Amino acid sequence: MLLRGRPRTLGAAALLLLLLIGFFLFGGDPDYGRPRSQGAATFDGDPPADPRGHNRSDCIPPPPLPPKCELLQVAIVCAGHNSSRDVITLVKSLLFYRKNPLHLHLVTDAVARNILETLFHTWMVPAVQISFYNADELKPQVSWIPNKHYSGLYGLMKLVLPSALPPDLARVIVLDTDVTFASNIAELWALFAHFSDKQAIGLVENQSDWYLGNLWRNHRPWPALGRGFNTGVILLRLDRLRQAGWEHMWKLTATRELLTLPATSLADQDIFNAVIKEHPWLVQPLPCMWNVQLSDHTLAERCYSEASDLKVIHWNSPKKLRVKNKHVESFRNLYLTFLEYDGNLLRRELFGCPCPPPPGAEQLQQALAQLEEQDACFEFRQQQLTVHRVHITFLPHKPPPPQPHDVTLVAQLSMERLQMLEALCRHWPGPMSLALYLTDAEAQQFLRFVETSAVLSARQDVAYHVVYREGSLYPINQLRNVALAQALTPYVFLSDIDFLPAYSLYDYLRASIEQLELDGRRKAALVVPAFETLHYRFSFPSSKAELLTLLDAGSLYTFRYHEWPQGHAPTDYARWREAQAPYRVQWAADYEPYVVVPRDCPRYDPRFVGFGWNKVAHIIELDAQEYELLVLPEAFTIHLPHAPSLDITRFRSNPTYRDCVRALKDEFHQDLSRHYGAAALKYLTALQQPRGPA
């Protein structure tokens, strides 16, 4: 009897324990477990108020997660350079926790689309689809609404998503760019299961007294149910909104309210709340943890002091991370984790889900699979095939007005050369396109560096393009190609970051291009003679005459005169001293001058990584395409001393490194011969010169 009765006793005890747990978890709610059409949990009228200031939807039990391969739809409105950076941090937090494929629907202006298209194309994250929608085409639908919110017209565009997104899209999660996830977005998607047959909008209650009014004298908010709802995180049943005539509904409400109110203060949120006030059956309140709001007047502590787990942090203040809140440091640390998180680590597969690979991923994997890891040059070959994430125009950038002879200075750098930027900006007043090789954390250090520099923050004609670090070798020619591709003027000055051009060089180059009539009639590369100083304290010459004086005094040398004279010897410095007009020089082996060429010139060969032969190969390509080499008589640029890079140190100390550079040179020449035929035979001599740096 004991053996038979004991299981029954344990079963009864377990059942009692489960009932007690259920009672405490769900507050003894007598309506828990009832159908949605019955009892106090129905939301066909006003949502039931909670005496603690947040709605009772916090007590809704979590529904089961969607199947792991179900595609989750997410919509984000994004415009401008700064907003694009915010989107990336948001997406990092999504990708970190997600276990489902995602389809991101991005409503963007031209600037944001250009940035994000490049970024996602080079990020190559598996199981992520991207669709873009032109915000400019949507502006007429909301431009008639006066809006005082800092988001401007873009802050109203969530209102038109039901008509802007594909008609067969039934459900979507809509996010502001200033939210950060701390949980799997599939948990949020699962809350669609709590919607009644009529509900179409899922929102978290507003965590401030804004819509209650009286925050200050004459404060007149838009109408709302109680505290209203915050629209930083929205679940939209698009199919139901379309059936309910959403477009007519919100426009009618907005038109009526604007008869007595001068403008929206909180953009789309005011209009959403006014519509919900009139049609409360539309809304399904969501648990507060899915939108913890950190505004100036936040009451969010009522949520996070009691919630077991926070899901989404929302920086819904123009002050963003500088908002005043006694717990803001904890929230800030969560945000900074994703801000500086290495995005390369998010390129992980969703195993078991038949998702199409990102464009180019299969070809890349095949090429990598063919590499021989025992090859002494494996490191070089792997770096050539690496697809780096690229964030173009990382900072706000205003391109110069079009001018027929304008020139952009093109260069690349890493964190170690950041101190060169201020001096370069003083020497070159024209546009620049710079590629920076940084980690995610270094990108934020760079951002702070620019913001605190009076010289750099005053320049908006400098375009900075972040190429995220991956691999052990510096991808110098890939960086140059990124900067070159983003130059917007007809001509480019292909320089290096450790050179300072003559103060007058920008104006002189534009005048020379015009005088030489290079406007498509003449294929030329204008050579800017290069010099160097070994002194860290150095008085920069203001003219050619001063430079020659310093040269004669031994304070200046022709560039690499002591180490690698053949790199610049064909410039013919003796002739340059006396020259009054541009003169033509012939290509010679290992020649690597700094040149001004049309923007559509040949790109750099990306196989050359690290140190060695990267510029030499480019000059060969220019010569093979019959560019004239014209030395400018009044132009000069001067190399400043600095500690040697890691790659040049490896080149000088490691014979295997030099052998690999030699192997790349051989392969380059073979490809050149296949492309140009017999005309490329003269470049064979480039492989027969004495070994040394280039």
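**Figure 1. Strand 12 sends its side chains two ways, and all of them end up covered.** V407, L409, A411 and L413 point to one side of strand 12, while T408, V410, Q412 and S414 point to the other side, and all are buried. This is a predicted model, so keep that in mind for every view here. Strand 12 spans residues 407–414, and eight of its eight residues are buried. The two-way pattern is a familiar one: in a regular strand, side chains alternate between the two faces of the sheet.

**Figure 2. Strand 12 has a partner in strand 15 and another in strand 13.** Four bridges link strand 12 with strand 15, and this pairing is parallel. Take L409: its bridge partner in strand 15 is F493. V410, for its part, stands opposite L494 of strand 15. Now for strand 13 (residues 432–438): six bridges join it to strand 12, again with the two running parallel. Here V410 has S433 as its bridge partner. To get from strand 12 to strand 13, the chain goes through helix 14 (residues 420–427), and this β-α-β crossover is right-handed.

**Figure 3. Zoom out a little and you see the open sheet of nine strands.** Reading across, the order is 11-14-13-12-15-21-17-22-20, and the pairing is mixed. Strand 11 (390–391) and strand 20 (583–585) are the edge strands, so called because each pairs on one side only. As a reminder, strands of a sheet pair through backbone hydrogen bonds, either parallel or antiparallel.

**Figure 4. D496 sits in a loop and reaches other parts of the chain.** Look for D496 in the loop between strand 15 (491–494) and strand 16 (499–501). Is D496 buried or exposed? D496 counts as buried because its relative accessible area is 9%, which is under the 20% cut-off. The side chain of D496 makes a polar contact of 3.1 Å with the side chain of R480. Another polar contact, at 2.8 Å, ties the D496 side chain to that of Y594. Setting aside neighbours within four places in sequence, D496 is in contact with A411, Q412, R480, Y594 and K615. You've already met A411 and Q412: they point opposite ways from strand 12.

**Figure 5. L434 is one of the busy residues in the largest nonpolar core.** That core has 113 residues, and L434, F446 and F493 touch the most other members. Which helix gives the most to this core? Helix 23 (residues 655–676) does, with seven residues. Leaving out neighbours within four places in sequence, the contacts of L434 include L409, A411 and L413. Others on the list are L421, V462, A463, Y464, H465, A483 and I497. A second, separate core holds 56 residues, among them L72, L102, L106 and L310. Here's the general idea: in soluble globular proteins, nonpolar side chains tend to be buried together.

**Figure 6. Here is the whole chain behind the close-ups.** The protein chain contains 23 helices and 23 strands. Of its 694 residues, 55% count as buried. Among contacts with a separation of 6 or more, 80% are between residues 24 or more positions apart. The accessible surface comes to about 30700 Å², and carbon and sulfur atoms account for 55% of that surface.

Key
Residues numbered from 1 in each chain as written. Predicted model: local features only at pLDDT ≥ 70, side-chain atom pairs only at ≥ 80, totals over all residues. Heavy atoms only, no water. Buried < 20%, exposed > 50% of the residue type's maximum accessible area, 1.4 Å probe, protein only. Polar contact = N/O pair within 3.5 Å; in protein donor to acceptor, adjacent residues only side chain to side chain. Contact = heavy atoms within 4.5 Å. Core = buried A, V, L, I, M, F, W, Y, C linked by side-chain atoms within 4.5 Å. Areas by Shrake-Rupley, 256 points an atom, 1.4 Å probe, with all protein chains shown as cover. Right-handed = clockwise from strand over helix to strand, strands pointing away.
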